[in-house]
Amino acid sequence: MSTELGRVRGLGSAKEGAHHWWQQKVTAGTNLLLMVWLMASIALLPGFDYSTVRMWLSSGWVAVPMILLIVSVFTHFRLGLQTVIEDYQHDSSRV
């Protein structure tokens, strides 16, 4: 079993690629929708001073989408970073 096939045998797909890909697409879509909401909401504010923005953010109708946006962005970032690490890390034991 010293052939190339022998070294590869048993090291097939982890069966997680489709789920990971789907999660990235869902988080990308939610990021897009929530960022459009954020930009439109900020553009419609009557003023951009601290007290106006603070009052706007204290509303439950704004706080919940903001929390969802933060969770979605960081989840998407984690998934992307995981992909980069898995695809581009160099394993010195397989040289």
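Is glutamine 24 buried or exposed? I looked this up before anything else. The model is a predicted one. Glutamine 24 has 18% relative accessibility, so it counts as buried, since buried means under 20% relative accessible area.

**Entry: glutamine 24.** I placed glutamine 24 in helix 2. Leaving out residues up to four places away in sequence, I listed His76, Leu79, Gly80 and Thr83 as what glutamine 24 touches.

**Entry: histidine 20.** I went on to histidine 20, which is also in helix 2. Its relative accessibility is 14%, so histidine 20 counts as buried. With residues up to four places away in sequence set aside, histidine 20 touches Leu79, Gln82 and Thr83. I then looked at the pair formed with threonine 83. The two residues are 63 residues apart along the chain, and their C-alpha atoms are separated by 8.9 Å. The side chains of histidine 20 and threonine 83 are joined by a polar contact of 2.8 Å.

**Entry: helix 2.** I checked the length of helix 2. The 27 residues of helix 2 should span 39 Å at 1.5 Å a residue, and the end C-alpha atoms are 39 Å apart, so the two values agree. I noted the buried residues of helix 2 as His20, Gln24, Thr27, Asn31, Leu34, Leu38 and Ser41. An α-helix has 3.6 residues a turn, so residues three or four places apart point the same way. The cover over the buried residues of helix 2 includes helix 3 and helix 4.

**Entry: helix 4.** I ran the same check on helix 4, residues 60–88. Helix 4 has 29 residues and reaches 42 Å from first C-alpha to last, close to the 42 Å expected at 1.5 Å a residue. What caps its N-terminal end? I found serine 59 there, with a side-chain oxygen 3.3 Å from the backbone nitrogen of tryptophan 61. In helix 4 I recorded Val62, Pro65, Met66, Leu69, Ser72 and Leu79 as buried. Helix 2 (17–43) and helix 3 (50–57) are among what covers these buried residues. Leu79 is thus on the buried list of helix 4, and Leu79 is touched by glutamine 24 and by histidine 20.

**Entry: surface patch.** Which residues form a nonpolar patch on the surface? I listed Ile70, Val73, Phe74, Phe77, Leu81, Val84, Ile85 and Tyr88, with about 810 Å² of accessible area together. I took isoleucine 85 as one member to look up. Isoleucine 85 is in helix 4. With a relative accessible area of 43%, isoleucine 85 is partly exposed.

Definitions and conventions:
Residues are numbered from 1 along each chain as its sequence is written. This is a predicted model: local features need pLDDT of at least 70, side-chain atom pairs count only at pLDDT 80 or more; totals for chains, interfaces and linings use all residues. Side-chain values use heavy atoms; hydrogens and water are left out. Helices (H or I, at least four residues) and strands (E, at least two) are DSSP runs, numbered from the N terminus. The expected span of a helix is 1.5 Å times one less than its number of residues. Buried means under 20% relative accessible area, exposed over 50%, partly exposed in between (1.4 Å probe, protein chains only). Contact means heavy atoms within 4.5 Å. A polar contact is a pair of N or O atoms within 3.5 Å; within protein, one must be able to donate a hydrogen and the other to accept it, and residues adjacent in sequence count only if both atoms are side-chain atoms. Patches are made of residues with over 30% relative accessible area and no salt bridge: like charges are joined within 9 Å, nonpolar side chains (Val, Leu, Ile, Met, Phe, Trp, Tyr) within 5 Å. Accessible areas come from the Shrake-Rupley method with a 1.4 Å probe; for residues, only the protein chains shown count as cover. A salt bridge is a side-chain nitrogen of Lys or Arg within 4 Å of a carboxyl oxygen of Asp or Glu.
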